[in-house]
Structures are given as structure tokens and as C-alpha cells.
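These are my notebook entries on one chain. I record what I looked up and what I found.

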Amino acid sequence: MVFIFWTFWIIDLLLTLLIFMGKDFRRGWGAGIDLNVALGAAMIICLIGSLALRFFLRRELWSVIVAGLPLLGMLVWYFVDKAKN
């Protein structure tokens, strides 16, 4: 369980860094709604929330679930996008 949590958490951290490093790319294409702000906020909430659940509230299973939510969201988003095409 510890390995899964830290794997999810590191992937979430790298995705968060990618979101904030690539924020001007989407804006450069003329996107009206800045989706990166909402995604960045959700990722930071998941990162902090999973750590809080793991270390302060001692809920290991819930911390793994919260750390895995962004990955699950991306997987669902992928399948929905594939279903449209």
C-alpha cells in the first residue's frame, strides 16, 4: 500500500509541475477558458489532501484513493475522448 501511495503521489506531483510549466501553451493557441487553473488547483488539493489523510488522520486507504483520483480522472477522460472519435 505504501508503494502504491508514493507512486501515485509522485505521478501527481509530476503532472502538477507539467500543468504549471505548460500553462502558457494552451493560452498561446487562443483558448478562451483557462482549464489549467482549475486542473492545477485540483491537483494541489489532491496532493495536500492525500498527505493530510496519510500522516495526520492516519487513513491509509483513503490517502491512496485521493492520490489516485487524478489518474482515474485522466483515464476516464481518455476513454470518453476515444468514444467520441
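**Entry 1. Surface and overall fold**

I began with the accessible surface of the chain, which comes to about 6,400 Å². Carbon and sulfur atoms account for 76% of that surface. I note here that the model is predicted. I then looked up burial: 24% of the 85 residues of the chain count as buried.

For secondary structure I found 4 helices and 0 strands. The pattern along the sequence reads α-α-α-α. I also checked contacts between residues at least 6 apart in sequence, and 66% of these join residues at least 24 apart.

**Entry 2. The aromatic residues**

I looked up ring pairs next and found 4 aromatic pairs in the structure. For F5 and W6, the ring centres are 4.9 Å apart and the planes stand at 75°, so I entered this pair as edge-to-face. The cut-off for that label is an angle over 60 degrees.

How buried is F5? Its relative accessible area is 0%, so I recorded F5 as buried. W6 has 33% relative accessibility and counts as partly exposed.

I then followed W6 to F55. Their ring centres are 6.2 Å apart with the planes at 40°, so this pair is tilted. W6 belongs to helix α1 (residues 2–21) and F55 to helix α3, so the pair ties together parts 49 residues apart in sequence. F55 is partly exposed, with a relative accessible area of 40%.

I closed this entry with the grouping: F5, W6, W9 and F55 form one aromatic cluster.

**Entry 3. R54**

I turned to R54, which is found in helix α3 (residues 35–55). R54 lies over the face of F5, at 4.6 Å from the ring centre.

Which side chain of opposite charge is nearest to R54? I found E60, at 4.2 Å. A salt bridge requires a side-chain nitrogen within 4 Å of a carboxyl oxygen, so the distance to E60 does not qualify. I therefore entered R54 as buried yet without a salt bridge.

Not counting residues up to four places away in sequence, R54 touches V2, F5, R59, E60 and S63. F5 thus appears in this contact list as well as in the ring geometry noted above.

**Entry 4. R58**

I looked up the backbone at R58, whose place is in the loop between α3 and α4 (60–84). R58 has a positive phi of about 55° although it is not a glycine. I noted this value because most residues other than glycine have a negative phi. Is R58 buried or exposed? With a relative accessible area of 62%, R58 is exposed.

**Entry 5. L15 and T16**

I then examined two residues of helix α1. L15 lies in that helix and counts as buried at 18% relative accessibility. The limit for burial is under 20%, so L15 qualifies at its value of 18%.

Leaving aside neighbours within four places in sequence, L15 is in contact with M43, L71 and M74. I looked up one of these separately: L15 and M43 are 28 residues apart in sequence and 8.1 Å apart in space, C-alpha to C-alpha.

T16 also lies in helix α1. At 6% relative accessibility, T16 counts as buried. Which residues does T16 contact, leaving aside its neighbours within four places in sequence? I found M43, I44 and L47. M43 is therefore listed for T16 and also for L15.

**Entry 6. L39**

My last look-up was L39, in helix α3. L39 counts as partly exposed at 29% relative accessibility. Between L39 and T16 I noted a separation of 23 residues in sequence and 8.3 Å in space, C-alpha to C-alpha. Residues up to four places away in sequence are not counted in its contacts, and L39 touches I19 and W77.

Conventions. Residues numbered from 1 in each chain as written. Predicted model: local features only at pLDDT ≥ 70, side-chain atom pairs only at ≥ 80, totals over all residues. Heavy atoms only, no water. Buried < 20%, exposed > 50% of the residue type's maximum accessible area, 1.4 Å probe, protein only. Lys, Arg positive; Asp, Glu negative; His and termini not counted. Contact = heavy atoms within 4.5 Å. Phe/Tyr/Trp six-rings, centres within 6.5 Å; stacked < 30°, edge-to-face > 60°. Lys NZ or Arg CZ within 6 Å of the ring centre and 35° of its normal. Areas by Shrake-Rupley, 256 points an atom, 1.4 Å probe, with all protein chains shown as cover.
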